[in-house]
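Let's take a walk through this model together, from its empty spaces to its sheet and helices. Please have the 3D view open as you read.

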Amino acid sequence: MLCSRLTNANILTMDPDHPVAHDIGIWRGRIVGLDEAVTSLPAREVIDLRGATVLPGFIDSHVHLAWTGLKQSTPSVAPCKRVEDVLAVVARAVSREGRSGAWVEVMGYDQRPLGRHVTAAELDTVSQGRKVFLMHDSGHGCVVNSAVLDLLPAGVPHQDGFLAEGAMAAARRLRLPYGQAEIADAVERAARTCLAEGVTAVAEAGIGGGLLGNSPVELGAYQLLRDQGRLPLRVQLMAAGDTLSPRDAHRDDGIPRALDLGMRTGFGDDWLSLGALKIYTDGGMMARTAALTAPYAGTDHSGQLQDDPDRLTRLIVDGHLAGWQLAVHAIGDRAADLALDALERAQRLRPRPDARHRIEHAGLIRPDQLPRFARLGVSAVVQPAFLHSFGDDYADVMGEERAPWMYRGRGFLDHGVTLVGSSDRPVTDGAPLRAVQFMVERASASGRPIGPDEAVTVEEALRAYTVAGAYACRWDGSAGTLTAGKRADLVVLGDDPRRVPTSRISGIEVVATYVDGHEATETEKL
């Protein structure tokens with residue numbers, strides 16, 4: 001007997017052999033079959049969807065759940081457009097922290113609406129002896145007050161309290177990490193936001209270290225949720241590259257660096273597992289630290305790499321040799337050159353045809369770099385919503401020639417590169433349907449066209465958040481399409497994204513989200 005059968009539905013399976021169905025049968029969290037294979041089978045529950053559209057659950061292949069959840073419960077300066085308003089928010093946050101010398105964290109900071117950065121001296125006027133850490137929305141910078149600057153090691157660079165990239169990481173290391181219970185609560189909050197938007201599985205883009213690691217023992221928070229039955233969707237964790245340590249191993253093993261116990265990509269189960277090794281090569285466009293081959297428009301500044309190029313290359317090569325799938329953060333085209341060169345070197349040393357290495361963001365990719373992605377079999381994990389939210393600013397700083405190269409779609413697909421959709425939440429809106437709309441429209445929130453020749457079809461955009469997401473996370477044997485034997489992870493929509501005007505896609509209602517065959521509101525029982 002089936003556990004449940006969904007009937008009278010417009011089921012878009014994303015499987016070319018059976019693209020559309022009307023019935024789907026579920027037993028113990030797996031899909032039994034479609035249409036005539038299940039219509040005559042008895043079921044404990046038959047759910048009439050009254051013509052609603054069903055898709056495989058969306059896969060967000062690059063998120064920061066802990067950061068998202070912490071941001072939801074932390075004071076934010078996101079609406080502020082004047083320095084004095086930012087200082088007022090910080091002052092209120094300081095007044096709620098009664099302990100002298102304590103850390104006060106505030107999120108949502110972006111200097112662009114202000115016209116300049118807030119300074120350490122200005123934060124000093126409202127900090128009352130506390131250590132203030134104002135987190136940049138990009139995740140690639142922060143502003144701190146003098147109480148923090150005084151604790152930094154000698155030589156850490158800053159500009160009147162603004163710390164970028166490694167300098168920001170140095171400031172984060174000064175404070176005690178978040179506790180496991182606090183991280184777990186944050187992850188659960190963020191995961192439920194994802195579920196409400198039709199997301200059933202995510203890849204957490206870096207734990208335990210790097211720019212956004214929240215604790216050296218961050219994995220424990222996810223295991224705590226799993227043990228307590230509070231993990232409401234599937235999570236694949238990327239270990240930060242700097243968590244690898246040199247290891248003395250047998251020469252034939254060929255493992256120069258590893259996590260403790262030698263864990264690597266693939267360890268875990270259907271709910272919680274280790275995915276790719278996350279390696280940062282550069283910064284971000286919002287903070288003007290993405291590494292470019294030519295300067296940002298109107299400046300002589302071309303961003304920065306996270307480390308010496310040789311050291312970054314060795315880390316990428318060592319990760320490959322140790323058996324990891326690699327997720328290499330490269331936003332600027334100069335960083336992408338470094339990543340592609342290193343991946344090519346790694347594959348020469350030890351060919352791994354199905355390594356499925358990924359370049360995260362691929363924010364500015366020159367035409368000559370597209371064939372290299374294809375030749376190396378590297379997926380491009382892009383964030384379409386970035387150009388919806390920040391497109392006007394990004395296009396201005398890239399200039400007329402380079403603006404069409406940002407967060408490409410058609411260019412990757414035409415070269416045979418796997419195009420993977422993701423959000424990088426909480427940097428901007430994480431709703432997959434909004435991203436699908438942008439991939440088709442290629443227009444910023446103001447209506448400005450951003451590389452219209454890079455537009456893809458609705459079907460191709462949906463594939464980026466289902467089939468391609470499953471491939472990039474090595475879940476293609478169990479997710480990404482609605483076919484017999486795969487997980488019963490699916491989203492029910494109030495309309496068919498292929499049939500509505502493009503401008504209405506983001507407004508389609510997410511009627512229900514199913515994980516393991518259970519509607520999302522029931523997942524806490526699992």
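Some ground rules for the empty spaces come first: on a 1 Å grid over the protein atoms alone, a cavity is a set of points where a 1.4 Å probe fits but cannot get out, while a pocket is an open set with protein on both sides within 12 Å along at least five of seven lines; lining residues have an atom within 4 Å of a point. Grid points are joined across faces, edges and corners, and a volume is the space filled by probe spheres set on the points. Keep in mind that this is a predicted model, where local features need pLDDT of at least 70 and side-chain atom pairs count only at pLDDT 80 or more, though totals for chains, interfaces and linings use all residues. Residues are numbered from 1 along each chain as its sequence is written, and side-chain values use heavy atoms, with hydrogens and water left out.

So how many cavities of 30 Å³ or more are there? The count comes to 6. The largest cavity has a volume of about 140 Å³, and 21 residues line it, with S138, H140, H361, D424 and V427 lying nearest its centre. Strand β17 (272-280) and helix α11 (385-398) each supply at least two lining residues, and α11 gives the largest share, 3 residues. (Helices are DSSP runs of H or I, at least four residues, and strands are runs of E, at least two, numbered from the N terminus.) By class, the lining divides into 11 nonpolar, 8 polar and 2 charged residues; here Ala, Val, Leu, Ile, Met, Phe, Trp, Tyr, Cys and Pro count as nonpolar, Asp, Glu, Lys and Arg as charged, and the others, Gly among them, as polar.

Now for the pockets. The largest pocket has a volume of about 780 Å³. Of its 29 lining residues, R173, G209, G210, L211 and D242 lie nearest the centre. Strand β17 turns up here too, and β17, α5 (166-172) and α8 (309-321) each supply at least two residues of this lining. The mix is 11 nonpolar, 9 polar and 9 charged residues.

The second largest pocket holds about 410 Å³ of space. It has 16 lining residues, and E97, W103, V104, E105 and R175 lie nearest its centre. Two or more of the lining residues come from each of α2 (83-96) and β9 (103-109), with β9 giving the most, 3 residues. This lining has 8 nonpolar, 2 polar and 6 charged residues.

Next, look toward the start of the chain, at an open sheet of 4 strands in the order β5-β4-β1-β6, with mixed pairing. Its edge strands, β5 (30-34) and β6 (43-48), each pair on one side only. Two strands pair if DSSP finds at least two bridges between them; β4 (residues 24-27) and β5 have 4 bridges and run antiparallel. Within that pair, I26 stands opposite I31.

Two helices round off the tour. L149 sits in α4 (residues 146-149) and counts as buried because its relative accessible area is 18%, where buried means under 20%, exposed over 50% and partly exposed in between (1.4 Å probe, protein chains only). In α13 (residues 432-441), 8 of the 10 residues are buried, including P432, L433 and F438. Just after α13, R442 takes a positive phi of about 50 degrees.
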